[in-house]
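Colleague: I am new to this one and would like to understand the labels people put on it. Could you show it to me and take my questions?

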Amino acid sequence: MHGEVVQDDETGLKSTSFPSLAELGKRYGVSKNRIWQYASKHKCLERRKESEAREQIRYDRIVTARRAEARALATSDVVRVVDAYIVGFERSLDEGKVRFDSPADLDRLVRLKELLLGNADSRQEVQGGITLEAIQARHLRSRTQVDGLTPEVSGEVVEGNAERGDGALN
């Protein structure tokens, strides 16, 4: 059900191999039909699939945990660098090396630090957003266009059509 670990003689790499029914029958001195009966009775193929699925889930969890750890370490490294830069900026400001009529770098770094720490940046501007007024104006324009259509153009059913007399579409 779990396969057999085999080692490649040339490369030395280990892998999992699943012998065929004929190979298993020959190894144990029984027919391949007998192996198939045993595998069917004990649901070996279904159990193998379940085992592979559990192994894949376990693998995914390990990979996710390692990625999260790497991301957290990278974030903490960036926060540490930003903190050091802020301290250096403050020192340069105290020494008069930095102009304080344009502290754009400090502002960007404070925003970056807040973002990395998961805090919302309340100073963020919304650019290119759609407003409720714009939506209402567009709706009003489309309603006026639809209301101006004749029943023939809009595809409405006209009751008591004069030509056909059966209420069909014009």
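Modeller: Happily! This predicted model holds three salt bridges, a salt bridge being a side-chain nitrogen of Lys or Arg within 4 Å of a carboxyl oxygen of Asp or Glu. The model is predicted, so local features need pLDDT of at least 70, side-chain atom pairs count only at pLDDT 80 or more, and totals for chains, interfaces and linings use all residues. Residues are numbered from 1 along each chain as its sequence is written, and side-chain values use heavy atoms, leaving out hydrogens and water.

Colleague: What makes Glu4 and Arg27 a salt bridge?

Modeller: Their closest N and O atoms are 2.3 Å apart, and the limit is 4 Å, so the pair qualifies. Glu4 sits in strand S1 (residues 4-7) and Arg27 in helix H1 (residues 21-28), 23 residues apart, so this pair links distant parts of the chain. Helices (H or I, at least four residues) and strands (E, at least two) are DSSP runs, numbered from the N terminus.

Colleague: Why is Glu4 called partly exposed?

Modeller: Its relative accessibility is 29%; buried means under 20%, exposed over 50%, and partly exposed in between (1.4 Å probe, protein chains only). Glu4 therefore counts as partly exposed.

Colleague: And how do you know how to class Asp77 and Arg80?

Modeller: Asp77, with 39%, is partly exposed, whereas Arg80, at 53%, counts as exposed. These two side chains also meet in a salt bridge (3.6 Å, N to O), and both lie in helix H3 (residues 44-95), about one turn of the helix apart.
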